[in-house]
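Thank you all for making time this morning. I would like to take you through one structure, beginning with its charged side chains and then turning to the way some of its helices pack.

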Amino acid sequence: MRLGVLDVGSNTVHLLVVDAHPGARPLPAHSHKAELRLAQLLDPDGAIGPDGVDRLVGVVHEALQAAEDKGVEDLLPFATSAVREATNADDVLARVHAETGVRLQVLSGAEEARLTFLAARRWFGWSAGKLLVLDIGGGSLEIAYGMDEEPDAAVSLPLGAGRLTAGWLPGDPPDPEDIRALRRHARAQIARTVGEFSRFGAPDHVVATSKTFRQLARIAGAARSTEGLHVQRELKRESLEAWVPRLAGMTTAQRSELPGVSEGRANQLLAGALVAEGAMDLFGVEKVEICPWALREGVILRRLDHMESERIGQGV
């Protein structure tokens, strides 16, 4: 069947259409994205303003039309940290439903981490052993660890690249004092979680997902996206540490000229790099392998698992 995942994230609203059935890997068929940056549209009270809600409703309408055009049979709509943490989240969800018919499921941070972990586990398989998965989104950082498909530990921290850029790095290029303050803040937040994971022992494999990590790996020399999903891509901490001061001295326009860096994400790259560097350092990670699958694929895989359980339960 043809499934669609509608991901209302902190940076983008992304419709991913896949051809899938239980027992097989989902095959991408279509992708529809709109840069919305909800995390940066919050008012001083933490609410998504009227203009932001108008734009969200419009983008959801566009995604629904794209899903219909592509023959989607089942749409899985969800929202992450920007909607989850908005003070008017209930009103936003109600309006989206009233005007589009879409009921957005708001995922908790822990659910985000668990579903992303599931996607990474399925991608790398059981031979990867104990996995540590890092995912930097627009609004939050997810960390998960485990041996199985359900992680033993999963946390979400308010350290998304978009959120931190808007709240901590107003300059272009940013002021060095602001950068230092953000570095301290991010590391203090991450350090509080290290003990929760270290009691499980060292991971066998460390995986990173998300656009932020992909862009950081690309500027550090990883293969281009056009070379395919199955090319191994890594980001070494040594390379990242060398790039952080370079990114700090660049304007947004200069960062957008780097290989693999999109114009819409260039302003967030430094904040994302500071979080990535802090996480790798505090967890004692020398390198991460980039996983092509992340939260959206995790949502699809969970849905397929449920379909298979229902099929077995019905004796089909």
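Which residues are linked in a network of salt bridges? Please keep in mind, as we go, that what you are looking at is a predicted model. The network is made up of R84, E85, E112 and R163, and it belongs to a wider set, since a search of the whole structure turns up 19 salt bridges.

Let me stay with one link in that network, the salt bridge in which the side chains of R163 and E85 meet, with a nitrogen-to-oxygen distance of 2.2 Å. This pair connects distant parts of the chain, because R163 sits in helix α5 while E85 is in the loop between α2, residues 81-84, and α3, residues 89-100, so that 78 residues separate the two. As for accessibility, R163 has a relative accessible area of 27% and therefore counts as partly exposed, and E85, at 36%, is partly exposed as well.

For contrast, consider a pair that stays within one helix, namely D51 and R55, whose side chains form a salt bridge at 3.7 Å, again from N to O. Both residues lie in helix α1, which covers residues 50-69, and they are 4 residues apart, or about one turn of the helix. D51 is partly exposed, with a relative accessibility of 48%, and R55 is also partly exposed, at 33%. As a general reminder, side chains of opposite charge can pair when their charged atoms come close.

The third pair leads us into the helix packing. The side chains of R187 and D281 meet in a salt bridge of 2.7 Å, N to O, and here too distant parts of the chain are linked, with R187 in helix α6, residues 176-198, and D281 in helix α10, 94 residues apart. Is R187 buried or exposed? With a relative accessible area of 14%, R187 is buried, whereas D281, at 30%, is partly exposed.

Now to helix α10 itself, residues 269-282, and to its neighbour α8, residues 237-248: the axes of these two helices come within 10 Å and cross at roughly 150 degrees. An angle over 145 degrees counts as roughly antiparallel, and α8 and α10 are therefore roughly antiparallel to each other. In passing α10, helix α8 makes a left-handed crossing. On the α8 side the contact is made by R237, L240, E241, V244, L247 and A248, and on the α10 side by L269, L270, A273, L274, A276, E277, M280 and D281. Sorted by class, the residues of this contact comprise 10 nonpolar and 4 charged, with no polar ones. You will notice D281 in that list, which is the residue of α10 that also pairs with R187.

Finally, helix α10 also meets α5, residues 161-168, and there the two axes come within 8 Å and cross at roughly 115 degrees. That angle makes α5 roughly perpendicular to α10, and their crossing is right-handed. The residues that make the contact are A161, L164 and T165 from α5, together with A271, G272 and V275 from α10. In this contact of α5 with α10 there are 4 nonpolar and 2 polar residues, and no charged ones. Helix α5 also brings us back to where we began, as it holds R163, a member of the salt-bridge network.

Methods. Residues numbered from 1 in each chain as written. Predicted model: local features only at pLDDT ≥ 70, side-chain atom pairs only at ≥ 80, totals over all residues. Heavy atoms only, no water. Axes fitted to C-alpha atoms, helices over the stretch in contact; angles between N-to-C directions. Parallel < 35°, antiparallel > 145°, perpendicular 65-115°, else oblique. Left-handed = near helix turned anticlockwise from the far one by under 90°. Contact = heavy atoms within 4.5 Å. Nonpolar A, V, L, I, M, F, W, Y, C, P; charged D, E, K, R; others polar. Salt bridge = Lys/Arg side-chain N within 4 Å of Asp/Glu carboxyl O. Buried < 20%, exposed > 50% of the residue type's maximum accessible area, 1.4 Å probe, protein only.
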